[in-house]
Amino acid sequence: MKILKYFVLGLLVIVVLAYGGTKAYMYYSLKNKMDQLAQQFSLFGQLEYGGLSTSIKGSLAVEDISVRIHGMDDELRIKAVRYQTPNLLYLVQANKQFEQGRIPESLSLSVEGLNIDLFGEFTDRLEQMVNEMNFQLHGVNPLCGGRLFFGPRELRDMGYEEITSDIQIGYRFDRANAQIIVDIMSSTKDIAAARIQGIIARIVDTSFISMMQPDHRPRLGQITFNYIDQSDVIEGYLA
């Protein structure tokens, strides 16, 4: 009995140490990558983050992100960017697959709490881009006010001071049917929610080399799009 007891305790210690070592490896690997990204981004602006986390459920998260562009007085804020896989072991294997030129068979990436101030220089630049697009496509099925595309100006006119969005992008490799099923969801607080689901066909293997072969080049298949208006303000503005 004592031998069995010590064996079980020893096995438990090994499992705990292995789990702790794997979490530590993933944490410091993520930290190094984020620090490298922040250094590279310093040419254009400032990238800061408040914390990093890993989970036994197979997720990595970068929290409290702020992005500032040189020459602009406002910032883009993100509550968290989360990379989700089925479990911790899958997460480790997924990183190795990327290094081997393969994509994991399933994963999900989410951006939570993406916040943009509608009265900053960043959105002023965005408004210039929207104006240029409307000018180039003037007269092509214009919507309200003769504009095809809405921008920060319209949102400000409707009383919005900022926008906060959540975005989730995920996919799953369906080996039996040689396809990848893609699911993209977005929700902007008090404005709208949307979901795009699609199928990428002719995927017989998840290696990049296989996808480049003439007989196996991916082909976009069925696409569905759902949109839910979550604001009475927009409907009244368009009216």
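Here are some friendly notes on the structure above, point by point.

1. **Confidence.** Please keep in mind that this is a predicted model. The chain averages a pLDDT of 82, and 83% of the residues score at least 70. The stretch to treat with care is residues 4-18, where pLDDT stays under 50. For those residues the model has 0 contacts beyond four places in sequence. They fall within the span of α1, which covers residues 2-41.

2. **Strands around β3.** A good place to begin looking is β3, residues 59-69. Strand β1 (residues 45-48) runs antiparallel to β3, and 4 bridges join the two. If you want a residue pair to find this on screen, L47 has V67 of β3 as its bridge partner. Strand β2 (residues 51-55) is also antiparallel to β3, with 5 bridges between them. Here G51 is partnered with E63 in β3.

3. **The β2 and β3 hairpin.** These two strands form a hairpin with 3 residues between them. Look for G58, which takes a positive phi near 95 degrees.

4. **β3 and β4.** On to β4, residues 75-84. It pairs with β3 in the antiparallel sense, over 9 bridges. L60 stands opposite Y83 of β4; both names return in the pocket below. The two strands make a hairpin with 5 residues between them, and G71 in the turn has a positive phi of about 90 degrees.

5. **The second largest pocket.** How much space lies in this pocket? About 310 Å³. Its lining counts 15 residues, and those nearest the centre are L30, K33, L60, Y83 and N95. The elements that contribute two or more residues to the lining are α1, β3, β4 and α2 (88-99). Of these, α1 gives the most, with 5 residues. By class, the lining has 10 nonpolar, 2 polar and 3 charged residues. So that you can place the bridge pair from point 4, L60 and Y83 both lie among the residues nearest the pocket centre.

6. **β6 and β7.** Further along the chain, strand β6 (residues 162-174) and strand β7 (residues 179-188) pair in the antiparallel sense over 10 bridges. R172 stands opposite I181 in β7. The hairpin has 4 residues between the strands, and A178 in its turn shows a positive phi of about 50 degrees.

7. **β7 and β8.** Strand β7 is also joined to strand β8 (residues 192-201), again antiparallel and with 10 bridges. T188 faces A192 of β8 across this pairing. There are 3 residues between the strands of this hairpin, and D190 in the turn has a positive phi of about 60 degrees.

8. **A closer look at A194.** This residue sits in strand β8. Is A194 buried or exposed? It counts as buried because its relative accessibility is 19%, and the cut-off for buried is under 20%. Leaving aside neighbours within four places in sequence, A194 is in contact with I184, M185, S186, F225, N226 and Y227. N226 deserves a look on screen: it is 32 residues away from A194 along the chain, yet their C-alpha atoms are separated by 5.6 Å.

Notes
Residues numbered from 1 in each chain as written. Predicted model: local features only at pLDDT ≥ 70, side-chain atom pairs only at ≥ 80, totals over all residues. Heavy atoms only, no water. 1 Å grid on protein atoms, 1.4 Å probe; cavity = no way out; pocket = protein on both sides within 12 Å on 5 of 7 lines; lining within 4 Å. Points joined across faces, edges and corners; volume = space filled by probe spheres on them. Nonpolar A, V, L, I, M, F, W, Y, C, P; charged D, E, K, R; others polar. Pairing = 2+ DSSP bridges. pLDDT = per-residue confidence, 0-100. Contact = heavy atoms within 4.5 Å. Buried < 20%, exposed > 50% of the residue type's maximum accessible area, 1.4 Å probe, protein only.
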